[in-house]
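The report that follows describes the strands, helices and enclosed spaces of one protein model. It takes the sheets in turn, then the cavities and a pocket, and ends with a single residue.

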Amino acid sequence: MDNILEVRNLTKRFHGLLAIDRVTFALERNQILGLIGPNGAGKTTLVSLVSGTLQPTEGSVLFEGKPIHRLAGFRRALLGIARTFQVMRPFPGLTVLDNVAVGALFGAAGSTRQLAAAREDANRWLHFVGLDHRVRQRADALGGPDRKRLELAKALAMRPKLLLLDEVMAGLNPVEIEEVITVIKKVRDQGISIVVIEHVMKAIQSLSDRLLVLHHGEKIAEGKPQEVLRNDQVIAAYLGSKRR
Amino acid sequence: MKPALKFIFAALVVGGFATVPSWGSAVLVQFGINALILATLAQSWNIIGGYTGYPSFGNSVFYGLGGYGVAIALVQYQLPSAVGLILGVVLAVLFAFLLGLPVLRLRGHYFAIATLGLTEVMTAIVSNLDIAGRNVGLILPLAKGDTLFLELSLALLVVTTLAVAWISRSRFGFGLIAIRENEVAAAVMGVNTTLYKILAFALCAVFSALAGGIHAYWITYLDPGSAFDVSLNVRMIIMAVFGGPGTIFGPALGAFALAAISEILASKITSLASIFFGVVIVVAIIFMPRGVADLAQNFRRFGWRYFQENIKAHRV
């Protein structure tokens, strides 16, 4: 099996709080893994450990078979890992175009080094996510849904092999969610492997090849979406356990 | 203004400065040298403060080290002044690397305060070094006329501005801007933030040290108090911010404008000059908080409403 990402016994402790507790999973190349769990389950922490925004306490992360968990975040980006942030982090003072151009200038190794070419690239990605009408505006002039699209375009411009999406659909209306799902599927068809954190169950069911459920930092279930969502433990975590 | 127009305008200003010695008085030439050196300092502060977003109060350390490089080379070792300039640059860049590493881990106010401390520490250290003339300072050999210094400082400002122009259009510069706008996001997108910040710090060390070296050579005297002067650093920041931080011509423009204003005030109403200078700064910050460069860009579009909008947007 060709795994692009392998996470083994990954643990993250914030002083007394065990945020991620010995989580192990693998992501096959060209697949979409849905990461779900109640609030505070550790989903974003797990993504941050893979992207390098946080360093793990224990355990290892392997990207294309090589350990990366001790590398700085920017090195992982150069290797081909891109992420979006749930709390969006645009470059507020730059235009939408230049926000994405930063991704094209840096990002995975072999990215373009010339500003003009990077801006051209950025234009293409903005068209891809449907933001072409706001290219010249400052990023802080964008509303919520457009900021989500911008986050996605910035990550895509980095030409990643692995894309980590942290709630890119939160706050979108059903029509917008449909659009984003189409975009994510198109991205996968380009050969990019994806981890999606999402609360919109319908979206994640239709997108994911596999699901992984976190609860209190532990993996409580993993497998095909239909199976996982029938799992008693998962239902208990989300809805509380049945009275006996 | 279109970029091409801006560059033509800048070329005219440079040409104007170059011809000052042929028609201007000695006082005007000296004012010109001072203004050019201040503009260079504001422009190099622009690299770390304007583009990278790190409000450095340590740039006067680079300036002082540049001055001491020249002074020590000339006075203690009788070396040519060019060697002194290089020595100053080397000292400043070393300082930028050694202290940038810990200090650039801090952000915002913490970074500002830490760099402020560096200035005081350097004053104390240099005051106790025999080679630097302790707290008495060093007297440099008299150099050739003011015209040479005007040309030197003009050339330095041109080079510094070209460096900033390159930064604003290069991959390196976009990395710096990304750090300013959001450092965590910049790192996630593949910017080597530590390296980029230190390179920016070192780059502004180079230009500040050269300015300090030229200035020390020109006034032929150097002591710790004037070499590592915090108020000079404050002036760099005021000039850069007045002109427009993070723009190519703003800081130089701001330096010229404020140098001229303070010179006129000082010659007309000596005792109250600094009070009026303060009033000018306060008014500027209320009405055009993003500097002259932003004013020039947006005044035509918005007219007088530009000032109203600024007051509304930045009201405390």
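Strand E4 (residues 58–63) of chain A is joined to E5(A) by 2 bridges, and the two strands run antiparallel. Within this pair, the residue that stands opposite Phe63(A) is Lys66(A) in E5(A). The model is a predicted one, and local features are considered where the pLDDT is at least 70.

**The four-stranded sheet of chain A**

The pair just described belongs to an open sheet of 4 strands in chain A, whose order is E2-E1-E4-E5 and whose pairing is antiparallel. Strand E2 (17–28) and strand E5 (66–67) of chain A form the edges; each has a single partner strand, so one side of each is left without a neighbour in the sheet. Helix H1 (residues 43–51) of chain A lies across strand E1 (3–14), E2 and E4 of that chain, and its direction is at about 115 degrees to E1(A).

**The six-stranded sheet of chain A**

An open sheet of 6 strands, also in chain A, has the order E6-E7-E8-E3-E9-E10 with mixed pairing. Its edge strands are strand E6 (81–83) and strand E10 (218–223) of chain A, each of which pairs on one side only. On average, and with direction ignored, neighbouring strands of this sheet are turned by 15 degrees against each other.

Four of the strand pairings are set out below, each with one facing pair of residues.

| Strand pair | Sense | Bridges | Facing residues |
|---|---|---|---|
| E6(A) and E7(A) | parallel | 3 bridges | Ile81(A) and Leu162(A) |
| E3(A) and E8(A) | parallel | 4 bridges | Gly34(A) and Val196(A) |
| E3(A) and E9(A) | parallel | 4 bridges | Leu33(A) and Arg210(A) |
| E9(A) and E10(A) | antiparallel | 5 bridges | His215(A) and Glu218(A) |

The hairpin of E9(A) and E10(A) has 2 residues between the strands, and in it His216(A) takes a positive phi near 50 degrees.

Strand E3(A) is mostly covered, with 5 of its 5 residues buried. In a regular strand the side chains alternate between the two faces of the sheet. In E3(A) both faces are covered, since the buried residues comprise Ile32(A), Gly34(A) and Ile36(A) on one side and Leu33(A) and Leu35(A) on the other.

Two helices can be placed against this sheet. H1(A) lies across strand E3 (32–36), E6, E7, strand E8 (193–197) and strand E9 (210–215) of chain A, and runs at about 145 degrees to E6(A). Helix H9 (residues 232–239) of chain A packs on the sheet as well, touching E3, E9 and E10 of chain A, with a direction that makes about 125 degrees with that of E10(A). H1(A) is thus described against strands of both sheets, lying across E1, E2 and E4 of chain A and also across E3, E6, E7, E8 and E9 of chain A.

**Cavities**

The structure holds 2 cavities of 30 Å³ or more. The second largest cavity has a volume of about 40 Å³, and its lining consists of Leu5(A), Phe25(A), Leu35(A), Leu46(A), Val47(A), Val50(A), Leu164(A) and Val195(A). H1(A) gives the most to this lining, with 3 residues, and the lining divides into 8 nonpolar, no polar and no charged residues. Leu35(A), one of these lining residues, is also among the buried residues of E3(A).

The largest cavity contains about 70 Å³ of space. Its lining includes Arg83(A), Glu151(A) and Lys154(A) from chain A, and Ala185(B), Val188(B) and Met189(B) from chain B. H5 (144–157) of chain A and H8 of chain B each supply at least two residues of this lining, with H5(A) giving the most, 3 residues. By residue class, the lining divides into 6 nonpolar, no polar and 4 charged.

**The second largest pocket**

About 500 Å³ of space lies in the second largest pocket. Of the 21 residues that line this pocket, Arg107(B), Glu183(B), Ala187(B), Thr193(B) and Thr194(B) are the closest to its centre. Two or more lining residues come from each of helix H2 (73–79) of chain A and helix H4 (81–103), helix H8 (183–188) and helix H9 (193–219) of chain B. The lining comprises 9 nonpolar, 8 polar and 4 charged residues.

**A residue in chain B**

Thr40(B) lies in helix H2 (residues 26–51) of chain B, and it counts as buried because its relative accessibility is 1%. With neighbours within four places in sequence left aside, Thr40(B) is in contact with Ser153(B), Leu156(B), Leu157(B), Thr160(B), Phe207(B) and Ala211(B).

Methods. Residues are numbered from 1 along each chain as its sequence is written. Chains are lettered from A and ligands numbered from 1 in the order in which they are written. This is a predicted model: local features need pLDDT of at least 70, side-chain atom pairs count only at pLDDT 80 or more; totals for chains, interfaces and linings use all residues. Side-chain values use heavy atoms; hydrogens and water are left out. Buried means under 20% relative accessible area, exposed over 50%, partly exposed in between (1.4 Å probe, protein chains only). Contact means heavy atoms within 4.5 Å. On a 1 Å grid over the protein atoms alone, a cavity is a set of points where a 1.4 Å probe fits but cannot get out, and a pocket is an open set with protein on both sides within 12 Å along at least five of seven lines; lining residues have an atom within 4 Å of a point. Grid points are joined across faces, edges and corners, and a volume is the space filled by probe spheres set on the points. Ala, Val, Leu, Ile, Met, Phe, Trp, Tyr, Cys and Pro count as nonpolar, Asp, Glu, Lys and Arg as charged, and the others, Gly among them, as polar. Two strands pair if DSSP finds at least two bridges between them. Axes are lines fitted to C-alpha atoms, for helices over the stretch in contact, and angles run from 0 to 180 degrees between N-to-C directions.
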